[in-house]
Amino acid sequence: MNDEHNVRNGGRAVVATLAAHGVDTIFGIPGTHNLEFYRHLPEFGIRAVTPRHEQGAGYGADGYFLVSGKPGVVITTSGPGLTNVITAAATAYAESRPMLILSPGVPTGFERADVGMLHETKDSSGAVGHLLVSSQRTRTAEGAAQAVAEAFAMFDSARPGPVHIEVPLDVLEGAWNGSVPVPFAGRRPGLDDHVVARAAEAISAATRPLVIAGGGARRAHAEVARLIEALDAPLATTANGKGIVSETHPLSLGSNVRFPSVQAESAAADVLIVLGSELADSDLWGGVIGAQTHIGVRDDSVSQTVIRCDIDPDQLNKNLPGDILACADAGEFLTALMSALESAPATAASARNAGTDASERHGSAASAKESGAARVARIREGWATDFDFDAIGARVTRLVEEGAGSTVVISGDSSQVTYDGTVHALTASTPDQLLYMPGFATLGYGIPAALGAKLADPARPVVCILGDGAAMFSIQELMTAAELGLGIPFVVVDNGGYAEIEGQMVDRDIEPFAVRLARPDFAKLGQSMGGAGVTIAEADIDSALPAAIAEALDRRVPTAIHITVGH
């Protein structure tokens, strides 16, 4: 066996570049064709996490990013290894999250050859490139290393998303005579001083401002807090923006942009500031943000100034045309905006105290001088009809938070207990407490994402809450959690199958079929995989679940907590 220090091949070029960019963990499954990546991981101190499916590797990498802030990295083998991770990568694209996927490819000269090689794929890079930010088939070891450096620069300077780099087998195994690329900063969009000045002028005259923040503002949590406090303006977030400002803050409306009361307030605002969000229907549930007659059409009878900021210019007018558009990083824009506001002769606070009756302009009975906190309190009063906080998903979320503490990270799935529960019921204090993918809405995300989060911060309590249908998409990753010694409680709320789809069938006068499913005993399944298992009836969750969560977090193995609903 060769001394790994003497093997200067394409695999080493890539791994050395990963290390130079701060990568300490990769997710993937070793395979025949990717071993020259794996050869060099120990030398550079990079931990290899082996899930039981490549889709789990992708979701694990995403959870790792959301808690650590470092882009998730996945190494697959050629052919099926790569195609298995595509759904997770497409999820990262939909949610604008950085992910780097590395895979081997057919040797140079065998593109589209169709000669029956192991794992041969017609055009891996071409196929993947249609779903991700980019996919590049490299030609040399030096080019592969440079592609990695360019991916990391893009993650920090543009709307992030997944990037795939394919390294042909002959390049991966062949000689590398270059050097490790030095990390470099990508070029972010420059701030337009005129746009900042116009935004400051509009905000200074506002009497009823409202701020909406999405995932694109996650890194600007301090700046967003400073803005809403200076403006005395309520803040509502999307699911991806949850916790940007602590939801215990008196100006926070939480991640509740889909609530009719919040949407009505957005229509009544004289200045609406939207930061890092496309205002997608997956968050709005058929509603609209802002004074619009319907999505994308402003209501001309209402005087409203819409300020939008996004690092991607293509996002700036999506689903709500803006009046003042800032193509910029949210944090950089808000820093410049606050500087402009503080130096302006008339501040936003003085304008609001001038007595302009915005309520008459917008058809609201609320006073123009109503404080931001009073507006939040009034809006919250409408939530009793907006959302059922006593439904099973919300109840379970509150009980989990009681057992795990206020810093808990909760991983969800495309389950009712998540999108109709945890998204709204969890009181997040930081923007890393909800692991979820509202846009792509993929089943199977929750379990592996929880693994990635726990690996990113082993001391942090991490809990996964999901439905029985979603659990069966990735239940094998409990074995990974057991192998890694991760004390994660996996709370499976079992309602007997795909209950929401069954309800939709009934609504369409379709006799339900194919939705009531056989399930395993999840508690016993957890035990069989080397973890612990607990079964709790729905009637007993108030008394039993918080203690079960606390006990599970003290273990060094995962715990499957099976909640039986209506059984």
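User: How far apart are the mean positions of the 40 positive and 67 negative charges of the chain?

Analyst: In this count, Lys and Arg are positive and Asp and Glu negative, while His and the chain ends are not counted. Each charge is placed at NZ of Lys, CZ of Arg, CG of Asp or CD of Glu. In this chain the two mean positions are 2 Å apart. Please note that the model is predicted: local features need pLDDT of at least 70, side-chain atom pairs count only at pLDDT 80 or more, and totals for chains, interfaces and linings use all residues. Residues are numbered from 1 along each chain as its sequence is written, and side-chain values use heavy atoms, with hydrogens and water left out.

User: What radius of gyration does the chain have, and what would a compact globule have?

Analyst: The radius is taken over C-alpha atoms, and the globule rule is 2.2 Å times the number of residues to the power 0.38. For 567 residues the rule gives a value near 24 Å, and the chain agrees with 25 Å. Along the principal axes, the C-alpha atoms fill a box of roughly 80 × 60 × 45 Å.

User: How many helices and strands are there in the chain?

Analyst: Both are DSSP runs numbered from the N terminus: helices are H or I with at least four residues, strands E with at least two. The chain holds 24 helices and 19 strands.

User: What percentage of the residues in the chain is buried?

Analyst: Buried means under 20% relative accessible area, exposed over 50%, and partly exposed in between, with a 1.4 Å probe and protein chains only. Of the 567 residues, 56% are buried.

User: How many disulfides does a search of the whole structure find?

Analyst: A disulfide is a covalent bond between the sulfur atoms of two cysteines. The search accepts a pair of cysteine sulfur atoms within 2.5 Å. It finds 0 disulfides in the whole structure. For Cys327, the nearest cysteine sulfur belongs to Cys309, 8.2 Å away. Cys327 is partly exposed, because its relative accessibility is 24%; Cys464, at 0%, is buried.

User: Which value of phi does Asp509 have, and where does this residue lie?

Analyst: Most residues other than glycine have a negative phi. Asp509, however, has a positive phi near 60°. Asp509 lies in the loop between helix H22 (499–507) and helix H23 (522–528), and its relative accessible area of 72% makes Asp509 exposed. The loop between H22 and H23 also holds Ala514, whose phi is positive at about 65° although Ala514 is not a glycine. Ala514 is exposed, with a relative accessible area of 60%.
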